[in-house]
Amino acid sequence: MHDRSRNGGQEKTRQGQRSPADSLLDALQIDPSKHDLATAAAFRALAEEVIWLREEEARLRHRLEASEQLADRDTLCPVFNRRAFERELSREIALAARHGAPLCLVYIDLDRFKDVNDRFGHAAGDAALKQVCDILVSQVRQTDIIGRLGGDEFGVILTHAEVEDARQKAETLTGRIDRLSVSGADPDAPPVRLGASCGVVEWTGQPSADLFIAEADESMFRAKAARKTGRV
């Protein structure tokens with residue numbers, strides 16, 4: 001048996017209150033008073049052990065859930081890491097296939113992010129990434145899913161969204177990120193104007209998350225090339 005003295009000793013009751021052990025014994029229709037002292041004490045000890053194990057199980061489950069959440073999160077930004085993002089995308093693909101619901105993916109690559117790190121250091125780059133995440137979180141629905149796919153690459157799963165709605169959302173995100181200006185500690189150093197290139201792909205039966213992401217990645221590169229040539 002476990003010694004529960006560290007949790008307040010054996011199950012003591014206040015006047016007029018029954019202990020959890022008493023309640024459990026009542027539920028099991030066991031009346032210790034109908035047994036000899038040794039048997040009654042054994043029943044109470046077993047009831048206390050069951051209650052302690054239940055509480056320990058709840059504590060361990062809570063810790064496990066917290067650990068799983070930490071394992072799913074990016075180490076810097078408050079969004080999913082790539083592994084968790086791919087898992088969620090696979091789940092959404094399965095739901096779309098089952099229910100015929102529209103599903104779109106936006107792939108975001110930051111422009112001039114390397115300039116931020118080169119000029120102002122990685123701390124400034126980390127701060128810029130967090131600002132981008134703030135924009136993404138503020139501009140999508142709670143049912144949408146955001147993940148950091150690489151150093152300066154992000155993905156947004158738009159559930160129940162038609163492709164035209166996804167393109168409009170990508171334009172909104174691009175416009176907001178394009179307005180981000182990053183400065184360093186030196187007031188004389190010119191700031192770096194961040195930007196974003198977004199690729200949008202709708203689910204048309206892609207069998208895997210990897211293929212879906214690869215198509216969105218290709219769409220992003222086309223958008224980036226168009227931005228560089230001034231066509232958008």
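**Entry 1: Ile-108**

Leaving aside neighbours within four places in sequence, which residues is Ile-108 in contact with? I looked this up in a predicted model. On that count, Ile-108 touches Leu-136, Asp-152, Glu-153, Phe-154 and Val-156. Its contacts also take in Leu-173, Ile-177, Ala-196, Ser-197 and Cys-198.

**Entry 2: the chain as a whole**

I stepped back to the full chain. I found seven helices and six strands. From the N terminus, I read the elements as α-α-α-β-α-α-β-β-α-β-β-β-α. The chain has 232 residues, and 40% of them count as buried. I also checked contacts between residues at least 6 apart in sequence. Of these, 65% join residues at least 24 apart.

**Entry 3: the cores**

I turned to the largest nonpolar core, which has 34 residues. Ile-108 and Phe-154 have the most contacts inside it. Which elements give two or more residues to this core? I listed strand 1 (103–111), helix 4 (113–120), helix 5, strand 3 (153–159), helix 6 and strand 6 (195–202). Helix 5 gives the largest share, seven residues. Another core lies apart from this one and has 18 residues. Among them I noted Leu-89, Ile-145, Ile-157 and Ile-213.

**Entry 4: the sheet**

Next I traced an open sheet of four strands. Its order is 2-3-1-6, and the pairing is antiparallel. Which strands are at the edges? They are strand 2 (145–148) and strand 6, each pairing on one side only. On average, neighbouring strands are turned by 20° against each other, direction ignored.

I then went pair by pair. Strand 2 and strand 3 run antiparallel and are joined by four bridges. Ile-146 stands opposite Val-156 in strand 3. I found helix 6 packed on the sheet, where it touches strand 1, strand 3 and strand 6. The direction of helix 6 makes about 170° with that of strand 6.

**Entry 5: strand 6**

I looked at strand 6 on its own. Strand 1 and strand 6 pair in the antiparallel sense over eight bridges. One pairing I noted is Leu-110 with its bridge partner Ala-196, in strand 6. Why is strand 6 described as largely enclosed by the rest of the structure? Seven of its eight residues are buried, so the description fits.

**Entry 6: helix 5 against helix 6**

I wanted to see how these two helices meet. Two packed helices are described by the angle between their axes and the distance between the axes. For helix 5 (residues 122–139) and helix 6 (residues 163–178), I noted an angle of about 145° and axes 10 Å apart. The crossing is right-handed.

Which residues of helix 5 meet helix 6? Val-132, Ile-135, Leu-136 and Gln-139 do. On the helix 6 side I wrote down Lys-169, Thr-172, Leu-173, Arg-176 and Ile-177. The residues of this contact divide into five nonpolar, two polar and two charged. Leu-136, Leu-173 and Ile-177 had already come up among the contacts of Ile-108.

**Entry 7: Lys-114**

Last, I checked one residue of helix 4, Lys-114. Is Lys-114 buried or exposed? Lys-114 counts as exposed because its relative accessibility is 59%, and the cut-off for exposed is over 50%. I also looked at Leu-194, which is 80 residues from Lys-114 along the chain. The C-alpha atoms of Lys-114 and Leu-194 are separated by 9.9 Å.

Terms used
Residues numbered from 1 in each chain as written. Predicted model: local features only at pLDDT ≥ 70, side-chain atom pairs only at ≥ 80, totals over all residues. Heavy atoms only, no water. Axes fitted to C-alpha atoms, helices over the stretch in contact; angles between N-to-C directions. Left-handed = near helix turned anticlockwise from the far one by under 90°. Contact = heavy atoms within 4.5 Å. Nonpolar A, V, L, I, M, F, W, Y, C, P; charged D, E, K, R; others polar. Core = buried A, V, L, I, M, F, W, Y, C linked by side-chain atoms within 4.5 Å. Buried < 20%, exposed > 50% of the residue type's maximum accessible area, 1.4 Å probe, protein only. Pairing = 2+ DSSP bridges.
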